Amino acid sequence: MSVRGDPFGRHRVIEPKGKLPQPAWKLDNDTSKLYDNEILIDVIRLNVDAASFAQIKAEVGADEQKVAEKIMQIVQQRGKLHNPVTGSGGMLIGKVKAVGKDLNVDVKVGDKIATLVSLSLTPLNLKKIKKVYLDKDQVDVEGEAILFETGVFARLPEDMPESVALAVLDVAGAPIQTARLVSPSDLVLVIGAGGKSGVLCSYVAKKYAGPTGRVVALVHSERSIEQIKKLGFVDDVFVSDAQDAVSSYEKFIQITNGRLADVVINVVNVPDTEMTSILCARERGKIYFFSMATSFTKAALGAEGIGKDVDMIIGNGYAKHHAEFALQIVRENEKLYQHFLERYGEK
């Protein structure tokens with residue numbers, strides 16, 4: 001007899017009943033029972049969302065043991081890695097342990113996959129946290145997870161280290177959305193250009209803006225300036241506190257001689273950067289908020305408050321073929337691949 005769960009995972013919601021898994025407070029993470037339309041995964045590593053990881057470190061300190069304890073506490077309370085402060089999760093890599101008999105999917109037991117849905121909706125049963133990588137938002141674990149029938153995943157590529165592929169796939173939604181938004185000759189501002197999504201978006205923005213376009217990078221430290229210049233994906237780079245909207249805006253228009261951005265890509269991992277994005281965008285310009293630290297209330301009311309008519313786009317982490325696109329842009333540029341290898345490869 002077939003025992004099917006809800007395709008969207010509502011059968012795993014404990015509290016409040018009837019909610020979808022992502023907004024729910026608590027999920028059933030009992031992996032000893034597998035519904036016929038679920039996939040069971042032996043989890044190898046978690047890639048925690050950058051905003052969530054930054055918040056956890058700010059709360060408990062940059063201490064591996066304390067970060068591990070906090071992550072374990074969240075999972076034990078909620079049955080998933082769903083940061084109650086940022087509302088975000090992350091993603092994982094693991095080996096397929098079992099495939100429900102009602103599923104017709106191109107994956108088999110033993111395959112290594114990366115889930116392309118958020119940990120904030122993924123039932124997760126952690127047995128142990130083995131290692132916390134404070135510098136790359138990743139955690140080695142022992143445990144199991146459930147992927148629902150509608151869950152998206154990708155096989156891990158064989159031509160790059162797992163930790164590198166995980167870092168790229170974690171932010172795969174950002175570069176493909178950037179490609180959709182940027183047109184030839186555009187002036188593009190990337191806020192938070194020093195992070196993994198920022199580097200990918202800067203490369204894509206320059207590629208699609210073309211030789212007549214211009215890409216400007218806002219970073220938070222002098223160290224990031226050196227890194228961005230070395231990569232050579234942007235035309236200008238400057239240091240600013242993106243939480244200081246007026247100062248950032250003034251620095252930006254000084255660089256551009258008063259021209260405002262056609263497209264602003266916001267990929268920071270801290271809150272209160274909405275107004276920098278809005279001030280730096282031209283009338284009817286496009287702002288892409290990929291950051292999970294974004295308050296859409298602040299963005300909407302902030303734009304209204306200064307009378308700025310801009311198109312603001314929510315950073316959907318999923319787009320058709322986004323995993324393949326992200327991996328391919330890393331493969332096609334040796335500098336980009338080496339950057340990810342140095343930053344996220346195994347030491």
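This text describes ring pairs, charges placed over a ring, and one polar contact in a predicted model.

The structure contains 4 aromatic pairs. In one of them, Tyr203 and Phe233 meet edge-to-face, with 5.1 Å from centre to centre and an angle of 65° between the planes. Tyr203 belongs to helix α5 (residues 196–209), whereas Phe233 is found in the loop between α6 (222–231) and β11 (236–239); the pair therefore ties together parts that are 30 residues apart in sequence. Both Tyr203 and Phe233 are buried.

A further pair is formed by Phe289 and Phe296. The ring centres of Phe289 and Phe296 are 6.4 Å apart and the planes stand at 80°, so this pair is also edge-to-face. An angle over 60 degrees is what places a pair in that class. The two partners are assigned to separate accessibility classes: Phe289 has a relative accessible area of 1% and is buried, while Phe296, with a relative accessible area of 38%, is partly exposed.

Tyr133 is involved in another kind of arrangement, in which lysine residues are placed over its ring. Lys136 has its charged end over the ring of Tyr133, at 4.7 Å from the centre. Lys131 likewise lies over the face of Tyr133, and here the distance from the ring centre is 5.7 Å.

The last site concerns Asp36, which is located in the loop between β2 (26–27) and β3 (39–48). Asp36 has a relative accessibility of 12% and therefore counts as buried, the limit for that class being under 20%. A polar atom of the Asp36 side chain lies 2.6 Å from the backbone nitrogen of Val3.

Conventions. Residues numbered from 1 in each chain as written. Predicted model: local features only at pLDDT ≥ 70, side-chain atom pairs only at ≥ 80, totals over all residues. Heavy atoms only, no water. Phe/Tyr/Trp six-rings, centres within 6.5 Å; stacked < 30°, edge-to-face > 60°. Helix = DSSP H or I, 4+ residues; strand = E, 2+ residues; numbered from the N terminus. Buried < 20%, exposed > 50% of the residue type's maximum accessible area, 1.4 Å probe, protein only. Lys NZ or Arg CZ within 6 Å of the ring centre and 35° of its normal. Polar contact = N/O pair within 3.5 Å; in protein donor to acceptor, adjacent residues only side chain to side chain.
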